[in-house]
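I opened the model to look up a few things about its packing and its strands. My notes follow in the order I took them.

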Amino acid sequence: TDVIVSVFLNNFFVYRDFLPRGSGIVTRRPLVLQLINSKFEYAEFLHCKGQKFSDFDEVRREIEVETDRITGMLNLTLIDLPGMTKIAIGDQPQDIEHQIRAMILQYIKRESCLILAITPANTDLANSDALQIAREVDPQGFRTIGVITKLDLMDEGTDAREILENSVLPLRRGYVGVINRSQKDIDTKRDIRTAIVAERKFFQSHPAYSHIAERLGTPYLQKTLNQQLTNHIKNTLPSLRDKLQKQMIVLEKELGDFKNFSPDDPTVKTKAMLQMIQQFSLGFERALEGSRSNEINTIELSGGAKINCLFHERLPFEIVKMEFDESDLRREIAIAICNIHGIRIGLFTPDLAFDAIVKKQISRLKEPCMKCVDLVVTELLAVVHSCTEKMSRFPRLRESVERIITTHIRRKEQSCKDQLSLYIDCQLSYMNTNHEDFIGFANAENQAKKATSASVNSTLGNQVIRKGYMCMHNLSIIKGRDFWFVLSSESLSWYKDEEEREIQYILPLVNLKLRDMEGGGFMSRRPMFALFYPSGSNVYKDYKQLELSCETLDDVDSWKASFLRAGVYPEKTHKENPEVEETTVVENVDPQLKRQVEVIRNLVESYMCIITKATKDLVPKIITHMIINDTKNYIYEELLIHVYASENQSDLMEESPEEVRRREEKMAMFQACKTALDIIGDCSLTIATKYKVEPEPDRISIYNSAPNPVPSAVVKRG
C-alpha cells in the first residue's frame, strides 16, 4: 500500500525538509510524492482527505505514523555481503528479501517508469543492488539514471570521476553526483538551501569534479528529471488521450442515462423505471425466443432453448418411464381377461380388458405432464430472475417485479395443470377405437405379427443420434475416465477423443436397458446412469453394467432421451405379485388365453401409441399457450400497472447504498476523464512550442541501496 502525499508549492524545486531520515531501512512503504503548482505551500494526504498540513514537520510525522500503521514498528537491519543478502532478525518475516524485491519490481518494471539507481560513492559500483535490479527490468538502459551519493565521504586520494564521466559501467543516461545532508545536519536542522550552496562549492573546488561541476549536484538532477519528464509527457499525450477517450466511452455506456440521474427528481425516476421495465420485457422475450446479440450463454442451455429441450427430450423420456414393461403388460392383460371371464371359458377376446388396461396406461401419463409443467415453470422463474439483474441498483423495484411476475406464473401454472388434468380425463372418458391410426380388432393379430418382426432400429437405419463426452467409471473407482461417445441407432461406440481415430469399443444396443444410479460413487458426485442386459450377461469386459456420468443432470437426461430414441428403454421397477406365477402357468397351458393376450396387447400398444403421440404434441402447446405466451403478454400489457399499484414510486426507485456509491464513483471517474481530456488539450498547446521531443518515461521510482534517502527534490518517490 502506497503513502500518497500531494505537496502544493510555488516552485517545483522543493526547499522543504519533510521526508523521514534515519539509520537502517527507513523507507518501508512506497511513497508517492505529487508536486502541484500553487501560490500557497501545504501538503495533503490521500488517507486524510480535506486536511491541509502547512507545517512540514507535521508532514514528516504523518508519513512516519502512516508507515508504522501498515508495516508496524520494525527495526530492519541490512547486512551488505557480496551480492544482495538480507537476513531477517527479531520478529521480521523470513522472506523479507523477497518482500522488498517484489515491492521494488512492482514499480520499476513499468515501461513508463524512470529509474533512479542510487549508489554510495564509497562502495563498489559493480556490486550495486540498485544497478543490478534496474538492469533486470531495463537491460538497454533507456529508463535508468545513475545517482552517486556520499562523494564527500570517499577515502582520501580516491574519487568517482570515472564513474561520473560514465566510463565505468556506462549508462545510456549517465550518472549524476549529489551530496546529501548528513544525519548530524538533519539533527541540527541545517537548512536545505545552505546544504545546496555547500554542495555546489564542494564540486566547484574539488580537482576531480570541477570540470563537470555544472552537471553535478541536486539542482542539476532536478532540472534533468523535469526536462525528461516534460519531453515524455509530450510524447505520451496522444496515447493518453486515446486511453482516456476509450475509458470515457465505456463509462458513458455503463452509466447510460444515469449520468444525468438526479435522485430527487421524480420525472427522472419515472423515466428510469419505464426504461428498466421495457428493457426487462425485451430481455425476457429474447431469452425465450432466441437472440443474435452478443450476450449469448455459451456454457449451458437456458431460457427458450432449455424449455425446448424439456418439451422434446425430457417429456418423451418421462412418458416412457411411466409405460408398462412388456412382461408386466402381458401379465396384467391375462389377469384382466381371466377376471372378466370368471368361471366361464371365454371363446372371444373381451374388449373390457382393452378398456381397463388402456385407462390404466392413460392415467399414468398425468405424472410426466405435471412434471413437465414444473420444469418449465422453474426455468421461467430462472429467466425472470436473470432478466431483473439490470434492476439490481434498485433492489425494491427488482423484488417487486419478481414477486408480481412469480405470482402470475404460479397462478397460470395451476390453471395449466388443471387443463392438463382435464385433457387426461377427456382421454379416459372415451376410447376412440375408430381412429384412423388404430389397427382395430379385426387386424390386431396380423398387425401384431408384423410389429414383432419389425424393430425400432430398422426404421432408423444406422444413423448417428448423438455425440459427446461422458465419463466411464468402470475403469477407475476414484474419478473415472472421459471418452468420446457416439450413439447410433444400432450401437454405442467410444473413442479416446473427438477426433474418432482410436476406437475403444462398440457395444450393440440389442436387448440393452438403462437404469439410474445413485450419484457419483467414491470421490465423485456427478449424476450417473448405467447400461445393462436384463439377462445378467456382461456388457463390457467383465463388467455387468456400463457406468457413465455427465457434468450436469441436464446432460444425463439429454443422453437418456437419446438412448430412448435408439430403442434403449429404462429399467422398470417390478413389484412382487402373488398372481404372477399362477398367470404364467395359465398362459403355458391355455393357448387360447395366450392368443387373447397377444391380441389385447397389440390393441393397447396401437391405441397408446396414438395417445402418447397426441400427448407429446399437445402438452408443449398447452404449456406454451397458457403459461409462456400468457406471461409474455402480461409483462408487456399489465406489469407496469401492477408495479405502480404495488408500492410508492419513490420507494421503488430508492437505490441501494452499494449502487449509490458505485454510481457516484463512476460519475466521478467520468467527470475526471472529461477534465483530464480538457487539460491534455491545453497541455498539448502549451508544451508543443517549448520543448524538444525526446521520448522519456513519465514516472520516477527510487530504489536506494544506501541507508540515506535521495534528495527531496525528486518528482516521485516509490
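**Contacts and cores**

I began with L397. Leaving aside its neighbours within four places in sequence, L397 is in contact with M273, M276, M391, V643, L652 and M653. I note here that this is a predicted model.

Next I looked up the largest nonpolar core. It has 70 residues, and F280, L397, I623, L639 and V643 touch the most other members. So L397 and V643 are both on that list, and they are in contact with each other. I then asked which elements give two or more residues to this core. They are α8 (266–289), α9 (304–322), α10 (326–341), α11 (351–363), α12 (366–387), α13 (395–429), α18 (591–637) and α19 (639–646). The largest share, 18 residues, comes from α18. In soluble globular proteins, nonpolar side chains tend to be buried together.

I also found a second, separate core. This one has 25 residues, among them L492, L509, F529 and A566.

**A glutamate in α12**

I moved on to E379, which lies in helix α12. Is E379 buried or exposed? It counts as buried, because its relative accessibility is 11% and the cut-off for buried is under 20%. What does its side chain reach? I found the backbone nitrogen of G303 at 2.8 Å from the side chain of E379. Leaving aside neighbours within four places in sequence, E379 is in contact with S302, G303, K306 and I307.

**The open sheet**

I traced the sheet next. Eight strands form an open sheet with mixed pairing. I wrote down the order as β11-β10-β9-β8-β14-β13-β12-β15. Why do β11 and β15 (569–570) each have one side without a neighbour in the sheet? They stand at the edges, and each has a single partner strand, so one side is left without a neighbour there.

I spent some time on β9, residues 481–488. This strand is mostly covered, with six of its eight residues buried. β9 pairs with β8 (residues 464–472) in the antiparallel sense, over eight bridges. In that pairing, G468 has F485 of β9 as its bridge partner. Four bridges join β9 to β10 (residues 491–495), and these two strands also run antiparallel. There I picked out V486, whose bridge partner in β10 is S493. β9 and β10 form a hairpin, with two residues between them.

I checked one more pair. β13 (residues 528–532) and β14 (residues 545–549) are antiparallel and share five bridges. F532 stands opposite Q545 in β14.

Then I looked for a helix over the strands. Helix α16 (residues 553–565) lies across β8, β9, β10, β12 (513–517), β13 and β15. It runs at about 135 degrees to β8.

**Positive phi**

Last, I looked up backbone angles. N166 is not a glycine, yet its phi is positive, near 65 degrees. N166 sits in the loop between α4 (161–164) and β7 (175–177). With a relative accessible area of 24%, N166 is partly exposed.

E500 also has a positive phi without being a glycine, at about 60 degrees. I placed E500 in the loop between β10 and β11 (503–508). E500 counts as partly exposed, at 27% relative accessibility.

Key
Residues are numbered from 1 along each chain as its sequence is written. This is a predicted model: local features need pLDDT of at least 70, side-chain atom pairs count only at pLDDT 80 or more; totals for chains, interfaces and linings use all residues. Side-chain values use heavy atoms; hydrogens and water are left out. Buried means under 20% relative accessible area, exposed over 50%, partly exposed in between (1.4 Å probe, protein chains only). Two strands pair if DSSP finds at least two bridges between them. A nonpolar core is a set of buried Ala, Val, Leu, Ile, Met, Phe, Trp, Tyr and Cys residues joined through side-chain atoms within 4.5 Å. Contact means heavy atoms within 4.5 Å. A polar contact is a pair of N or O atoms within 3.5 Å; within protein, one must be able to donate a hydrogen and the other to accept it, and residues adjacent in sequence count only if both atoms are side-chain atoms. Axes are lines fitted to C-alpha atoms, for helices over the stretch in contact, and angles run from 0 to 180 degrees between N-to-C directions.
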